[in-house]
Amino acid sequence: MKIKTTTTAVLFFMGVLSSSAQEYVIKGQLSGQGDAQISLRGTSGQVNALASKDRFELKGEAGDEPFVTTMSTSVDRNLYLGSGKTGMYMPAMPLEIVLSKGAQIKISGSAEDLNLAEVTGDPYNDSFTRLRKAEEKEMLEMRTLQKQMVESGIMGLKDEQRAIAEKMMVLRKQVSAIRKKYIQEHPQDFASLYFLSRQSREYKAEELQQLYDGLADTYKSTIYGKTLAEKINAIKVMNAGGPTPDFTKKDIDGKPVSLSQFKGKYVLLDFWGSWCAPCRAANPHLKELYAKYNAKGFEILGVASEKVSNQQQAEKMWKDAVVKDGLTWTNVLNNEASMKQDVVQIYSIEAYPTQILLDKEGKIIQRWVGAGGKALDEKLASIFKD
């Protein structure tokens, strides 16, 4: 009996060790964080912790492969667009972090510039930190320009806004060039795989395939590697005149909706979010176009992405915006905690709104970064002989 008891105790102890080995632990210190809340979008939902004198700790179960997620702070870093803190705003960038089994992660930096914090502890996060440091100067300049853009907008200084927008475009190109250089020079880094997928639209299919072939084989089997491979195949199909990749997401009533359901109609894919002021500003005109052309065979499929960690909160913000803006076309949400299909990644969406007009066979007619506006009006008028 004693032997059996001891054996059971040992097995139990080993089970505890095995369980704890699956757990990630994040310890951090952010100046200006104080005692405010830190939130992390974990593999099975949101994980929250209250900091104490700038310090915090988060723990949770990790999945079977690395999971790129975001960390945010309740310290208010948003840029409000002139109607107080209850109105629309430009959300501050969160911190991208990689969760994996047994990871012991350390974070240091400031709450104000959380997205540029140093994250160390494993090769995944070390590679993300190296890239963040390479583009830190440009990202800080971008944040300054965003503030200036908001202030100019509130004051109605349109000429100044145009000048700032030109500077921001130059910075975006500089950041893109830095990331491309990093990917080229560090093909074995996990960050290279992740950001190659993020920037895939900036490459020709052949170049993208070549860079993918040079990546670490270990990472190609992850969801990020598989998504990139799927994206490359989709680009090749579309370049050859084929249809855009199909996807299935749940609509506002929780029913699954597939892009392929709309075959036989002209479809505008509208990538947007409740937080996005230009997206919301474009909705009244989309409603006019929908009323004008829907009966003639025109559909809109809205794909929303919310900038929050909590799935429940994302759904509420999305549904509230759909109702408030009176959107009567089909809308789906691209915010699952662990997505099997990330439509934003597959379609290489890097700015909001992005609108893509498809023909009856699902082939791309035209793509607009920003609202289609006059160009969309003219295209629809020519299609429906208005």
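These legends go with close-up views of a predicted model. Local features are limited to residues with pLDDT of at least 70 and side-chain atom pairs to pLDDT 80 or more, while totals for chains, interfaces and linings use all residues. Numbering runs from 1 along each chain as its sequence is written, and side-chain values use heavy atoms, with hydrogens and water left out.

**View A. The disulfide between C276 and C279.**
Here the two sulfur atoms sit 2.3 Å apart; a disulfide is a pair of cysteine sulfur atoms within 2.5 Å. That rule gives a count of 1 disulfide. The torsion about the S-S bond of C276 and C279 is about 75 degrees, so this disulfide is right-handed. Both cysteines, C276 and C279, are buried (buried means under 20% relative accessible area, exposed over 50%, and partly exposed in between, with a 1.4 Å probe and protein chains only).

**View B. Helix α6 and its buried residues.**
Helix α6 spans residues 205-213, and A205, L208, L211 and Y212 are buried in it (helices are DSSP runs of H or I with at least four residues, strands are runs of E with at least two, and both are numbered from the N terminus). These buried residues cover an arc of only 130 degrees around the axis, which puts them on the same side of α6; the arc is taken over the directions from the helix axis to the C-beta atoms. Flip to the other side of α6 and you find E206 and Q210, both exposed. The buried residues of α6 pack against α4 (158-185), α5 (190-198), α7 (217-220) and α8 (223-239), with contact meaning heavy atoms within 4.5 Å.

**View C. The residues around the largest cavity.**
Its lining includes R77, E112, D113 and R143, along with M93 and N115. By class, the lining has 5 nonpolar, 2 polar and 4 charged residues (Ala, Val, Leu, Ile, Met, Phe, Trp, Tyr, Cys and Pro count as nonpolar, Asp, Glu, Lys and Arg as charged, and the others, Gly among them, as polar). A cavity here is a set of points on a 1 Å grid over the protein atoms alone where a 1.4 Å probe fits but cannot get out, and lining residues have an atom within 4 Å of a point.

**View D. Backbone oddities in two loops.**
Most residues other than glycine have a negative phi, and most peptide bonds are trans. K53 has a positive phi of about 55 degrees, and D54 has one of about 80 degrees. K53 is in the loop between β3 (45-50) and β4 (55-61), as is D54. K53 is also exposed, at 71% relative accessible area. Elsewhere, a cis peptide bond joins Y352 and P353, with omega about -10 degrees; P353 is in the loop between α11 (343-346) and β16 (354-358).

Definitions and conventions: 1 Å grid on protein atoms, 1.4 Å probe; cavity = no way out; pocket = protein on both sides within 12 Å on 5 of 7 lines; lining within 4 Å.
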